[in-house]
Amino acid sequence: MFTSTGSNGFYKAPLSKSLLLVPSAISILLTLLFQHYQKFFAYNLQAVKEDFQIWRLVCGRTICLDLKDTFCSSLLIYNFRIFERRYGSRKFSSFLLGTWMLSALFDLLLVEITQYIFGITINSLPSGFLGPVFALFVPFYSSIPRVQVTQVLGHFSITNKSLVYILGLQLLTSGSYVWILALSGLISGICYNSSILKVHRILCVPRWVAKIFSWTLEPVFSSAEPTNEVRVGMGATVDIQRQQRMELLDRQIMMSQVAQMRRQRQQQGGMINWNRLFPPLRHRHNANYQDHHPSEQGIHPPTEVSEEQVARLMEMGFSRGDALEALRASNNDLNVATNFLLQH
């Protein structure tokens, strides 16, 4: 529920759906029916370093052998699917591939550092797609806005991101050396997102590979576009239910306004006037909706827009004109602008 598109299932996120279904199914089969094959999916560092069994990196760093890790990582992938919608499947897969490769390197380095400093010899690590999952916490922390949902005992804030952090903590404490995978994943996520290192330009999925997977796998794992009717009242508290209703009301209002403006644009030409769409969100000062309308003097958009944010929106496939209008109308909030450009 951490974004306004959180309830749309796997729409526009076929890679996330495949990462949730396929490894989870294999993990369950290996645990229940084919236990004698589990040895081929063990993340054995000794075999990698001494016997150069590189295939163990692929098998050991893809499939979880612990069902608790499978469950937690699947829930995290489900929550992180918003990044595939934002970036597109090719850019999202490039992030996963790049952080997978970087975290494999950092795994080996951290194991050697641990042995050198503490004298602890580590021959194997927990298996699974854990490095890239922990790496996704980097864009999650930096780009997903934090919205307070409620408070516990009047002091502890519960936000829209709390559940994801709790899942990450549960995954972190599930094994003895998971901290190595978590640390290597976070470091690889920081390196891949760094504008200085330019890793994303080197470790990326080629366009022709992305097209092949788009033709072959996307029809299998694609999901239908969700309807406008979204169930409400699923929150655990009255405050969460109230916010869900507010988000649903906002989406319905925005979608009706967008449909009206698009009809006008088809008749008259020109761009959508995004300034009429964003004021309800821009003037929400907290998680609880304020029952008043903003004055006309308070809704003027800023005159300057960050070119870097415009470029990021254009990388997602939006036109420069719509990107400029969305950023101006959202007061230069890239997350709000992206969400509405994706939904409409």
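Helix axes that cross at under 35 degrees count as roughly parallel, over 145 as roughly antiparallel, 65 to 115 as roughly perpendicular, and the rest as oblique. This cut-off is applied below to two helix pairs in a predicted model.

**Overall content**

The protein has 18 helices and 4 strands. It comprises 344 residues, of which 43% count as buried. Among contacts with a separation of 6 or more, 72% are between residues 24 or more positions apart.

**Helix α1 and its two partners**

Helix α1 covers residues 14-32 and helix α6 covers residues 89-118; their axes come within 9 Å and cross at roughly 45°. The two helices are therefore oblique to each other. On the α1 side the contact is made by Pro14, Leu15, Ser16 and Leu19, and on the α6 side by Ser89, Phe92, Ser93 and Leu96. By residue type, this contact between α1 and α6 has 5 nonpolar, 3 polar and no charged members.

The axes of α1 and α4 come within 10 Å, with a crossing angle of roughly 170°. That angle makes α1 roughly antiparallel to α4. Helix α1 contributes Ser16, Leu19, Leu20, Ser24, Ser27, Ile28 and Thr31 to the contact, and α4 contributes Leu67, Thr70, Ser74, Ile77 and Tyr78. The residues of the contact of α1 with α4 divide into 6 nonpolar, 6 polar and no charged. Ser16 and Leu19 of α1 take part in the contact with α6 and also in the contact with α4. An α-helix has 3.6 residues a turn, so residues three or four places apart point the same way.

**Salt bridges**

The count of salt bridges comes to 3. They are listed here with the separation of their closest N and O atoms.

| Basic residue | Acidic residue | N to O separation |
|---|---|---|
| Lys49 | Glu112 | 3.1 Å |
| Arg61 | Asp107 | 3.3 Å |
| Lys68 | Asp66 | 3.4 Å |

The pair of Lys49 and Glu112 links distant parts of the chain: Lys49 is in helix α2 (residues 45-51) and Glu112 in helix α6, 63 residues apart. Lys49 is partly exposed, with a relative accessible area of 35%, and Glu112 is partly exposed at 38%.

Helix α6 also supplies Asp107, whereas its partner Arg61 lies in the loop between α3 (55-60) and α4, so this salt bridge ties together parts that are 46 residues apart in sequence. Both Arg61 and Asp107 are buried.

In the remaining pair, Asp66 is partly exposed, with a relative accessible area of 26%, and Lys68 counts as partly exposed at 48%.

**Buried helices α9 and α17**

In helix α9 (residues 162-172), the buried residues are Ser162, Val164, Leu167, Gly168 and Leu171. The elements that cover these residues include α4 (67-79), α7 (130-135), α8 (137-143), β4 (156-159) and α10 (178-193). Helix α4 thus appears both in this cover and in the contact with α1.

Asn160 lies in the loop between β4 and α9. With a relative accessibility of 11%, Asn160 counts as buried. A polar atom of the Asn160 side chain lies 3.2 Å from the backbone oxygen of Pro145.

Helix α17 (residues 320-329) has 7 of its 10 residues buried, so it is largely enclosed by the rest of the structure. The buried residues of α17 are Asp322, Ala323, Leu324, Glu325, Ala326, Leu327 and Ala329. Two of the residues named there, Asp322 and Glu325, are buried and belong to the types counted as charged.

**Residues with positive phi**

Most residues other than glycine have a negative phi. Several residues of this model have a positive value.

Phe52 has a positive phi of about 55° although it is not a glycine. Phe52 is found in the loop between α2 and α3, and at 63% relative accessibility it counts as exposed.

Lys198, likewise a residue other than glycine, has a positive phi near 60°. Its place is the loop between α10 and α11 (199-202). Lys198 counts as partly exposed, with a relative accessibility of 33%.

Asn331 follows α17 and has a positive phi, near 60°.

Note on methods:
Residues are numbered from 1 along each chain as its sequence is written. This is a predicted model: local features need pLDDT of at least 70, side-chain atom pairs count only at pLDDT 80 or more; totals for chains, interfaces and linings use all residues. Side-chain values use heavy atoms; hydrogens and water are left out. Axes are lines fitted to C-alpha atoms, for helices over the stretch in contact, and angles run from 0 to 180 degrees between N-to-C directions. Contact means heavy atoms within 4.5 Å. Buried means under 20% relative accessible area, exposed over 50%, partly exposed in between (1.4 Å probe, protein chains only). A salt bridge is a side-chain nitrogen of Lys or Arg within 4 Å of a carboxyl oxygen of Asp or Glu. A polar contact is a pair of N or O atoms within 3.5 Å; within protein, one must be able to donate a hydrogen and the other to accept it, and residues adjacent in sequence count only if both atoms are side-chain atoms.
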